[in-house]
Amino acid sequence: MSILVYIEQFDGKAAPVSWEVLGKARTLVDQLGGKLAAVVIGAGVEGVAKEAVSYGADVVHLVEDPSLAAFRIDPYAAVVEDLVKTHSPKIVLFPATARSRDLSAVVACDLDAGLAADCSDLSLVDGGLAAVRPVFSGNLLTTVRFNGPLAVASVRARSFPTPEANPGRAGEIVKSGPVAPTTGIREEIKSFEATATGEVSLTDAKIIVSGGRGVAKDPELGFKLIKELTDTLGGAMGASRAAVDAGYIAYKHQVGQTGKVVRPDLYIAAGISGAIQHLAGMGNAKIIVAINKDAEAPIFSVANYGVVGDLYEVVPALNAEFKKRLG
Amino acid sequence: MNFVVCVKQTPDTAELPKISAAEAVSGDIKATLVLNPWDEFAVEEGLLLEDRFGGDVTVVTVGPEKATEALKDAIARGVKSAILLDDPAFAGSDAWGTAAILAAAIKKNGPADVILTGKMSVDGNSGLVAPGLARKLGATLLTQVTKIVDISGGKITVERMLEEGRETITVSLPAVVSVSKEINEPRYPSFMGIRKAAKAAIPVWKLGDLGLSAGAVGTGAAKANWTDVRKPPARSSQVVMVKEATVDATAAKLADLLMAEKVI
């Protein structure tokens, strides 16, 4: 294998960014030669392995055991490290989710390989990986190059398009079991409390509607209106740091330098002035819409469409219009 | 119980946008340097754990002499001991090199039960030192930690915020714990603390003190290198202002424009 991609699954469902990474890896392998391998670890996850074939993997290593049902670092890392030692890929790629980010770091550190975290682009230069990642909290970019036989990178969601699945595609599924002892594992998951079902995560969202300091007059109503528009559009709700610091909304919604970095197709900023720290988190959105009472707000200088107006009027009006169009 | 907090001196977040690519490459940054904002939460949690479980907190950093200021900031908040790890051989270390230096210092300082770090540095942004440190120390790793529930019987139980929800997990000690912003509200340096920090004698440990070889750390050992540091391309969009006679008409026009962009 020339590239190995780790497919993250939770409860038997693949994290969508896994397919984005696999799709990009496919184009890299087509230049590099060799085979594109994927690894799926869990219990009862053969369906995810089949999906990996349909998204472009030549070989999928399906590693199943009841002890691997939930993600734990030690047993999962042992599996990936064993595959790397056996098959010597040049590149190993991971989605940059919380769990996979940890796994990528542990695997790379154990194998003494260089790692570029949270990459936004990948390419090959002289047959070696060149990984672009934001640094200085999105204010600078760098291209990471690697010393040594193995390069490891984790890739942010929505950096690459989801490839088209081809259910008829041929690929080999190689089944195996755990590598490390299945008892005496140092990590024990006590409980898991899932967030509201159907809630779209900011990093995976195609559409984000965010609120900022502009909701100060009535934060509860402001975010209620923003939530209604978000739901109509099937998107995720975001916020500026100002809105989070003021206590209008929870930190998990914060977009920007000290919050989440997002890359939606559409970003609607309602009552957000557009501080440079906020732009560092959403400047890569395909289309930005700014709704702000202040015609001089800096957000308009990065927006594609702007409305000067009161968000308490514009947001519900926009919601009504989209409801008409989307049925 | 022994707690170690690993910190970094970084540019002030408010000044990050002013930093040029050349400054980032040379390391000669003109912006105000502060205790990495994410590390404030780790320092605070160290102090809270000291109160809850007893023991000592040591703060440690890898950096040049001026990085002493970041350690003094932690002392001013209430940390009693600090160590600076400074040697020309450390320069240019990647995350694994930095983790190796910190791991050697933690071993030399005496057995640590919980090693705390911030989520990531605001300059390097990799968040890799915590996992690197865990592996070099043979410790367990906990990231995205929003609450330390308990430490007892050689184990630590924490809550972590993951994409799909909140996980409660117990792992064996020693553990490297990377904390998230939700974990606490960092205290400010106190007046008495600032006076104490000004007078504090902070030991400096060098390569030889840590029993590391020069080839194991620094530029030569780095497996990942930054090249072509640059400003991200500016958005080239020209804003189209939408303004019709009424709010409803404006909303209708904007909705049409966005439907035409095929982003909905």
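# Strand pairing and burial in a predicted model

User: Which residue is the bridge partner of A:Ala270 in β17(A)?

Analyst: In this predicted model, A:Ala270 has A:Ile291 of β17(A) as its bridge partner. A second position links the two strands, for A:Ala269 stands opposite A:Ala290 in β17(A).

User: How do you know that strand β16 and strand β17 of chain A pair?

Analyst: Two strands count as paired if at least two bridges are found between them. Strand β16 (residues 266-270) and strand β17 (residues 287-292) of chain A are joined over five bridges, in the parallel sense. The requirement of at least two is met, and the strands are therefore called paired.

User: What makes strand β14 of chain A a partner of β16(A)?

Analyst: The same criterion of at least two bridges applies. Strand β14 (residues 207-211) pairs with β16(A) over five bridges, in the parallel sense. One of the bridge partners is A:Ile268 in β16(A), which is matched with A:Val209.

User: Which strands make up the open sheet, and in what order?

Analyst: The sheet has six strands in the order β15(A)-β14(A)-β16(A)-β17(A)-β18(A)-β13(B), with parallel pairing. The final strand in that order belongs to chain B.

User: What makes a strand of this sheet an edge strand, and which strands are they?

Analyst: An edge strand pairs on one side only. That description fits β15 (236-239) of chain A and β13 (240-241) of chain B.

User: Why is β16(A) described as mostly covered?

Analyst: A residue is buried when its relative accessible area is under 20%. In β16(A), five of its five residues fall in that class. Both faces are covered: A:Leu266, A:Ile268 and A:Ala270 are buried on one side, and A:Tyr267 and A:Ala269 on the other.

User: Why is A:Glu8 called buried?

Analyst: The relative accessibility of A:Glu8 is 2%. The limit for burial is under 20%, so A:Glu8 counts as buried. A:Glu8 is found in the loop between β1 (3-7) and β2 (9-10) of chain A. Beyond four places in sequence, A:Glu8 touches several residues, including A:Lys13, A:Ser18, A:Arg99 and, in the other chain, B:Glu164.

User: Why is B:Asp123 called buried?

Analyst: B:Asp123 has a relative accessible area of 9%. This value is under 20%, and B:Asp123 is therefore classed as buried. B:Asp123 is found in the loop between β6 (114-117) and α5 (129-137) of chain B. Leaving aside neighbours within four places in sequence, its contacts include A:Val135 and A:Phe136 of chain A, and B:Lys8 and B:Trp226 of chain B. B:Pro11 is also in contact with B:Asp123; the two are 112 residues apart along the chain, with C-alpha atoms separated by 7.2 Å.

User: Why is B:Gln144 called partly exposed?

Analyst: Partly exposed covers the range between under 20%, which is buried, and over 50%, which is exposed. B:Gln144 has 25% relative accessibility, so B:Gln144 belongs to the class in between. B:Gln144 is found in strand β7 (residues 140-152) of chain B.

User: What makes the backbone of B:Gln144 notable?

Analyst: B:Gln144 has a positive phi of about 55° although it is not a glycine. A:Asp118 likewise is not a glycine and has a positive phi, of about 60°. A:Asp118 lies in strand β7 (residues 114-119) of chain A. With a relative accessible area of 9%, A:Asp118 is buried.

User: How do you know that the peptide bond between B:Leu173 and B:Pro174 is cis?

Analyst: The bond joining B:Leu173 and B:Pro174 has an omega of about -5° and is listed as cis. B:Pro174 is found in the loop between β9 (165-172) and β10 (175-179) of chain B.

User: How does the radius of gyration of chain A agree with a compact globule?

Analyst: For 327 residues, a compact globule would have a radius of gyration near 20 Å; chain A has 21 Å, which agrees. The C-alpha atoms of chain A fill a box of roughly 60 × 45 × 40 Å along the principal axes. Buried residues make up 58% of chain A. Among contacts with a separation of 6 or more in chain A, 63% join residues 24 or more positions apart.

Conventions:
Residues numbered from 1 in each chain as written. Chains lettered and ligands numbered in written order. Predicted model: local features only at pLDDT ≥ 70, side-chain atom pairs only at ≥ 80, totals over all residues. Heavy atoms only, no water. Rg over C-alpha atoms; globule rule 2.2 N^0.38 Å. Buried < 20%, exposed > 50% of the residue type's maximum accessible area, 1.4 Å probe, protein only. Contact = heavy atoms within 4.5 Å. Helix = DSSP H or I, 4+ residues; strand = E, 2+ residues; numbered from the N terminus.
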